[in-house]
Amino acid sequence: MSEPMPEFVPGLRLSEAFFREAVQPILATEFPDLRYAAALMGYGSDVLGYDTRISTDHEWGPRLLLFLDDRAIETYAGAIDEALRQQLPPTFGGYSTHFSVADPIQWRAPWESGPVNHKVWIQTVGSFIRRTLDFEWGAEIGLLDWLVFPEQRLLEITQGRVFHDDLGGGLAGGLADGLGELATLRARFAYYPRDIWLYLLAAQWSAIAQEEAFMARAGDAGDDLGSRVIGARQVQRLMKLAFLMERRYAPYSKWFGAAFARLPCAGELGPVLQNVLAAENWQTREQHLGAAYTQLADFHNALQITEPLDTGLTNYYDRPYQVLFADRFAEVIGQQIEDPVIRALPRGLGAIDQISHNVDILCDARLCGRLRALFA
């Protein structure tokens, strides 16, 4: 007879308790002079705070990342790993701390005897950022680098929770500025520099402009399915624009809607977008899309990054389809970019998430880096 499942605890809370009650005491006893950082970052629904009981089937449980500096990783990593294997309890909070061998995914596994195959990942900040973004931690982040960093990967750095951080001596002296190395890392990647942000905003308005009139045209021509597809694509673009306006990184598709619902603007914009998707004919769909265009145009004016723009809809030239002419917004936003390198970039191209939704590209940091050639 199988044991009853423990009450679900969000992974962030479980992992922090695991660190403070199980891992940290071992480190304090066995390695009292060790400086380190501990956090739950990187991949996982628990890192983003979207995990539920169904998330517990793999890559979830009492786990965390333990960061050492380059010297300590060589001296202590093996000893720390062994101490944790020998001294960690086999369960914590009702969940096994013993995991299967990574192949490549890991599951919590029943512990019978012997060392615990724990999921405390020991590494350096440099190896973490190299694996996540194919970027050298000590290097300056170039403006074009930002364009090939997938937003989900940036969330893996900036989301989650830091439990302990007295790791210093790294970039900018680590603790010399009052921040541990993980705090320094997260601050550096917190959000796009202003000119990059403006470039991405302009590119998103351009993407919206490209199909503004197509939803109604397809419906008017009798292609209801095509009209629905274009309408849904415009909804996705508008949601992406909302993330940019709110200066928030957008996660990958599984959590895109959940993250959008947490944006301050979602309470007003979300129901309108739901109406677009629920519309039974293109005329109703056009009415709700128009309302969404107007709302986001109002949001743009509230940002005060350009002079206020007219937010009214008008016919698409001589055709009776209501549009905002979103290219107007892209044009004036682009004029606010100061850096000559960013001003010279191809208009409307945007960053990697705006160029491609291909999972195999976005999940491979090295492939993402090759796309720098698009901006050369």
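In this predicted model, cysteine 265 is buried, its relative accessible area being 7%. Cysteine 368 is likewise classed as buried, at 1% relative accessibility. The closest cysteine sulfur to that of cysteine 368 belongs to cysteine 363 and lies 8.3 Å away, which is too far for a bond. A disulfide requires two cysteine sulfur atoms within 2.5 Å, and the structure as a whole holds zero disulfides.

Attention turns next to the sheet. Four strands form an open sheet in the order E5-E2-E1-E6, and their pairing is mixed. Strand E5, residues 120-123, and strand E6 occupy the edges; each has a single partner strand, so one side of each is left without a neighbour in the sheet. From one strand to the next, the twist averages 20 degrees. Strands of a sheet pair through backbone hydrogen bonds, in either a parallel or an antiparallel manner. Here, strand E1 (residues 37-40) and strand E2 (residues 64-67) run antiparallel and are joined by three bridges. Within this pairing, alanine 39 sits opposite leucine 65 of E2.

Two helices accompany these strands. Helix H3, spanning residues 70-87, packs on the sheet and touches E2 and E5, with its direction at about 170 degrees to that of E5. Helix H6, made up of residues 181-188, lies across E1, E2 and E6, and runs at about 145 degrees to E6.

A convenient residue from which to view edge strand E6 is arginine 161, since E6 covers residues 161-165 and thus includes this arginine. Arginine 161 is partly exposed, with a relative accessible area of 32%, a value that falls between the 20% limit for buried residues and the 50% limit for exposed ones. Beyond its neighbours within four places in sequence, arginine 161 is in contact with Leu12, Arg13, Glu16, Ala39, Leu40 and Arg186. One of these partners, glutamate 16, is 145 residues away from arginine 161 in sequence, yet the C-alpha to C-alpha distance is 8.2 Å. The side chains of arginine 161 and glutamate 16 make a polar contact at 3.1 Å. Alanine 39, another partner of arginine 161, is the residue that stands opposite leucine 65 in E2.

Glutamate 156 offers a second local view. Helix H5, residues 151-158, contains glutamate 156. This glutamate counts as buried because its relative accessibility is 10%, under the 20% cut-off. Leaving aside neighbours within four places in sequence, the contacts of glutamate 156 are Met41, Gly42, Tyr43, Phe128 and Thr132.

Methods: Residues are numbered from 1 along each chain as its sequence is written. This is a predicted model: local features need pLDDT of at least 70, side-chain atom pairs count only at pLDDT 80 or more; totals for chains, interfaces and linings use all residues. Side-chain values use heavy atoms; hydrogens and water are left out. Buried means under 20% relative accessible area, exposed over 50%, partly exposed in between (1.4 Å probe, protein chains only). Contact means heavy atoms within 4.5 Å. A polar contact is a pair of N or O atoms within 3.5 Å; within protein, one must be able to donate a hydrogen and the other to accept it, and residues adjacent in sequence count only if both atoms are side-chain atoms. Two strands pair if DSSP finds at least two bridges between them. Axes are lines fitted to C-alpha atoms, for helices over the stretch in contact, and angles run from 0 to 180 degrees between N-to-C directions.
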